[in-house]
Amino acid sequence: MDVLIVAVDTRGGVQPYTALAAGLRARGHPTVVAAPEDLTWLPEQHGVPALALPGSMQEAAARLPSSEGMRGLVPRGMQEEVSRQAAVRTAALLEAAPEADVVLAGIGGAPIARAVAERTGARFLSAHLHPLGPVTGAFPGVLAPHVPRWSGRAGNRLAHRITALAAAAPTRPAERAARTAAGLAERSAARPETGALYGISPQVLPQPPDWPTGHVLTGYWLLDDPGAALDPELEAFLADGPPPVVVGFGSMSSADARRTSATVTAALRATGSRGVLLTGWGGLALDGDPGPGILVRTAVPHDLLLPRAAVVVHHAGAGTTAAGLRAGIPHVTVPYGVDQPFWAARVHELGAGAAPVPRRRLTTERLVEALDRCLRDGSLRERARRLGAAIRAEDGVGTAVSRLETWAALDPRQ
């Protein structure tokens with residue numbers, strides 16, 4: 001079974017697809033990851049062949065004035081650019097002519113992946129990092145998470161229908177552009193999907209009993225690098241005192257990153273905490289030395305850093321949420337928008353973190369209150385620890401690969 005994974009995402013999204021690709025290759029299935037050109041280093045670093053899709057995710061993010069208050073999957077004003085890129089990337093991928101029996105993608109890569117699969121005769125399957133798909137009453141839709149509790153399962157099902165509409169509307173133009181670039185008719189003639197994989201832990205979301213059998217929460221697709229190590233200065237910092245609070249907002253940008261950094265450092269001082277600040281793609285920005293007890297880095301592998309932290313403060317992106325839950329430490333979530341309020345609410349409901357502090361409401365006082373809860377509440381810390389142990393006992397990649405092998409065996413084309 002030759003597999004192509006189309007990962008149009010930030011690093012937090014490309015990383016789990018790289019883990020899945022590495023698992024497939026370890027079981028003897030040739031697998032290639034197609035990713036934006038600034039992120040192909042990640043699969044290559046883990047021995048997975050990569051195809052570069054034109055365009056940089058970081059440069060695209062830098063063109064946004066801020067990530068605060070994001071509502072849609074495609075930022076306002078960027079629809080035309082996203083469609084143009086979908087066409088260019090589809091053409092580039094078809095020109096590279098990767099051999100594939102199966103093409104996998106999540107919401108970001110699906111417009112390209114579906115067109116490539118149909119054009120080449122491969123089978124397309126969804127491989128999601130979010131619970132997008134059939135309607136369920138088990139939990140609310142990822143893009144409409146704040147349904148009233150009294151609405152129960154009916155409210156959750158309605159939120160899934162709203163999510164489906166919100167996800168489809170901005171991706172249709174990109175899908176049309178990709179199909180045109182592939183020389184396909186506007187509407188697909190391919191058979192509908194009969195299943196989908198979700199790189200989500202059933203410890204975090206229950207496997208919905210009302211989902212079709214083929215839609216499976218496999219567990220997280222986690223990527224470790226046994227040969228990786230922290231830089232000497234960070235290693236010495238961690239060894240020289242109590243576990244720090246790790247603060248980072250990943251690929252999020254801010255209209256006033258310096259003010260955000262001042263808010264964070266003031267909260268660390270107020271709680272007497274040491275800190276590691278991860279500036280990422282612009283969520284934080286500091287001028288000069290932040291002072292004693294605080295170390296600044298652009299990015300650090302979460303699997304190495306978070307297990308040695310006291311608390312993680314983050315934007316509640318799917319990848320960072322998974323890494324923090326796996327580490328078994330408490331969370332302070334500061335969601336910016338899109339899927340992040342869903343994951344932030346879920347962490348709180350699981351008892352593994354303080355109540356979310358939406359990015360627009362972030363103040364030193366609110367952050368101090370949330371940090372105090374995470375640092376001092378022993379029962380919260382114990383719940384986070386137990387949840388982390390349960391997640392670490394899962395084999396999400398192995399489960400996903402086994403399911404793909406079963407589907408391939410049942411497909412007469414494989």
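This report walks through the cores, one helix and the salt bridges of a predicted model.

**The annotated stretch**

Let's start with the record. The UniProt entry, which is unreviewed, lists residues 297–392 as "domain: Erythromycin biosynthesis protein CIII-like C-terminal". In the model, that span is 54% helix and 8% strand, and its end C-alpha atoms sit 26 Å apart.

**Two nonpolar cores**

As a general backdrop, nonpolar side chains tend to be buried together in soluble globular proteins. Here the largest nonpolar core has 28 residues, and the members that touch the most others are Ile-5, Leu-20, Leu-104 and Trp-221. At least two residues each come from strand E1 (3–6), helix H1 (11–26), strand E2 (31–36), strand E4 (102–105), strand E5 (123–128) and helix H14 (396–410). H1 gives the largest share, with six residues.

For a look at one of those well-connected members, take Leu-104. Leaving out residues up to four places away in sequence, Leu-104 touches Val-3, Leu-4, Ile-5, Val-6, Leu-20, Leu-125, Ala-127 and Leu-404. Another core, this one of 25 residues, lies apart from the one Leu-104 belongs to; among its members are Leu-268, Leu-362, Leu-371 and Leu-380.

**Helix H13 and its buried side**

Leu-380 turns up again in H13, where the buried residues are Leu-380, Ala-384, Leu-387, Gly-388 and Ile-391. How are these residues placed around the axis of H13? They cover an arc of only 105 degrees, so they all fall on the same side of the helix. Helix H10 (318–327) and helix H12 (364–376) are included in what covers them.

The length of H13 checks out too. The helix runs over residues 378–392, which makes 15 residues; at 1.5 Å a residue they should span 21 Å, and the end C-alpha atoms are indeed 21 Å apart.

**Arg-258 and a contact across the sequence**

Arg-258 is part of helix H8 (residues 257–271). With 48% relative accessibility, Arg-258 counts as partly exposed. Its C-alpha atom is 5.0 Å from that of Ala-285, although the two residues are 27 apart along the chain. Arg-258 touches both Ala-285 and Asp-287, not counting residues up to four places away in sequence.

**Salt bridges**

Side chains of opposite charge can pair when their charged atoms come close. The structure holds 13 salt bridges, including the three below.

| Pair | N to O distance |
|---|---|
| Glu-175 and Arg-114 | 3.3 Å |
| Arg-297 and Glu-233 | 3.0 Å |
| Asp-372 and Arg-376 | 3.2 Å |

Which helices does the Glu-175 and Arg-114 pair link? Glu-175 sits in helix H6 (residues 152–181) and Arg-114 in helix H5 (residues 110–120), 61 residues apart, so the pair ties together distant parts of the chain. Arg-114 is partly exposed, at 32% relative accessibility.

The Arg-297 and Glu-233 pair also links distant parts of the chain: Arg-297 is in strand E10 (residues 294–297), Glu-233 is in helix H7 (residues 232–239), and 64 residues separate them. Arg-297 is buried, with a relative accessible area of 17%, whereas Glu-233 is partly exposed at 48%. Through shared partners, salt bridges join Asp-231, Glu-233 and Arg-297 into one network.

Asp-372 and Arg-376 stay within one element. They are four residues apart in helix H12, which means about one helical turn separates them. Asp-372 is partly exposed, with a relative accessible area of 24%, while Arg-376 counts as exposed at 63% relative accessibility.

Key:
Residues numbered from 1 in each chain as written. Predicted model: local features only at pLDDT ≥ 70, side-chain atom pairs only at ≥ 80, totals over all residues. Heavy atoms only, no water. UniProt positions renumbered as here; feature names shortened; annotations may be inferred. Core = buried A, V, L, I, M, F, W, Y, C linked by side-chain atoms within 4.5 Å. Buried < 20%, exposed > 50% of the residue type's maximum accessible area, 1.4 Å probe, protein only. Contact = heavy atoms within 4.5 Å. Expected span 1.5 Å × (residues − 1). Arc of directions from axis to C-beta. Salt bridge = Lys/Arg side-chain N within 4 Å of Asp/Glu carboxyl O.
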